Amino acid sequence: MRLVVARCQVDYAGRLTAHLPMATRVLMIKADGSVLVHSDGGSYKPLNWMSPPCTLREGVTEDGTVEWTVTSRGTSKGPDDTLRILLEEVHHDSSHDLGLDPGLQKDGVEKHLQALLAEHPATLSPGLTLVRREFPTAIGPVDLMCRDAEGLSVAVEIKRRGEIDGVEQLTRYLELLNREPLLTAKGPVRGIFAAQEIKPQARVLATDRGIACAVVDYDALRGIDDSEHRLF
């Protein structure tokens with residue numbers, strides 16, 4: 001991983017445009033090829049980023065300013081996504097080998113939820129069938145890869161509590177999955193965000209991005225609290 005602390009300006013162009021004026025930020029270039037731009041406050045999330053696979057080219061502008069150009073193919077039909085970073089002053093530049101990471105160890109409830117939904121995917125959407133658990137992508141595995149009654153691929157991300165960061169995570173997965181011709185032969189890969197509880201803000205964001213939400217009854221899935229046999 002390469003970490004750069006620099007006074008920089010960042011401009012994104014692709015499906016939309018975004019601009020970060022000149023300020024001191026942390027630039028992170030990960031071994032998987034992703035490039036992330038962080039500030040010192042506001043959130044743990046990057047201000048802007050480019051997901052792999054992408055290409056980073058370093059050069060200089062006509063006036064001698066260091067310039068990074070990061071490009072990534074957005075969709076098979078759309079324009080390239082481009083992240084242009086102008087580095088006015090570099091305060092720190094270092095590279096570190098982090099080695100192999102064992103991955104996120106999910107808590108018992110979330111892990112069990114995944115196993116139960118893998119056995120009963122139709123509880124999320126009628127006609128849904130499982131293709132594979134932990135379907136790999138360049139930035140981590142999708143909890144469930146499924147297929148609906150029409151043969152379309154469906155990526156399912158499962159959380160115990162559904163918040164905005166979970167929607168963002170599924171959005172990044174879908175961006176990569178929709179670049180795979182084998183998955184999109186019959187149409188775009190769609191997403192389902194499943195959780196025991198989904199925060200209103202997360203639901204609004206998911207709806208805006210075309211992601212379906214599914215509230216999961218963990219006890220009913222386990223057969224402990226079957227809603228069909230409740231008195232109340």
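## Burial and overall composition

Of the 232 residues in the protein chain, 39% are buried. The model is a predicted one. Its protein chain contains four helices and 12 strands.

The protein chain exposes about 13300 Å², and carbon and sulfur atoms contribute 53% of that area. When contacts between residues at least 6 apart in sequence are considered, 50% of them connect residues at least 24 apart.

## M50 in strand β4

Strand β4 spans residues 48-50 and includes M50. The relative accessible area of M50 is 4%; because this value falls under 20%, M50 is classed as buried.

Once neighbours within four places in sequence are set aside, the contacts of M50 are Y12, S34, V35, V70, S72, D81, T82 and L83. A further spatial relation links M50 with T71: the two are 21 residues apart along the chain, and their C-alpha atoms are separated by 7.9 Å.

## H112 in helix α1

Helix α1 comprises residues 108-119, and H112 is found within this helix. The relative accessibility of H112 is 32%. Residues between the cut-offs of 20% and 50% are assigned to the intermediate class, and H112 therefore counts as partly exposed.

With residues up to four places away in sequence left out, H112 touches Y218 and R222. The separation of H112 and Y218 in sequence is 106 residues, while the distance between their C-alpha atoms is 9.0 Å.

## Packing of helices α2 and α3

Helix α2 covers residues 164-177 and helix α3 covers residues 200-208. The two helices pack with their axes 8 Å apart, at an angle of about 25 degrees. Angles under 35 degrees count as roughly parallel, and α2 and α3 are therefore roughly parallel to each other.

On the α2 side, the residues of this contact are I164, V167 and E168; on the α3 side, they are Q201, A202, L205 and A206. By residue class, the contact of α2 with α3 consists of five nonpolar residues, one polar residue and one charged residue. The charged residue is E168 in α2, and the polar residue is Q201 in α3. The nonpolar residues comprise I164 and V167 from α2 together with A202, L205 and A206 from α3.

Key
Residues numbered from 1 in each chain as written. Predicted model: local features only at pLDDT ≥ 70, side-chain atom pairs only at ≥ 80, totals over all residues. Heavy atoms only, no water. Axes fitted to C-alpha atoms, helices over the stretch in contact; angles between N-to-C directions. Parallel < 35°, antiparallel > 145°, perpendicular 65-115°, else oblique. Contact = heavy atoms within 4.5 Å. Buried < 20%, exposed > 50% of the residue type's maximum accessible area, 1.4 Å probe, protein only. Areas by Shrake-Rupley, 256 points an atom, 1.4 Å probe, with all protein chains shown as cover.
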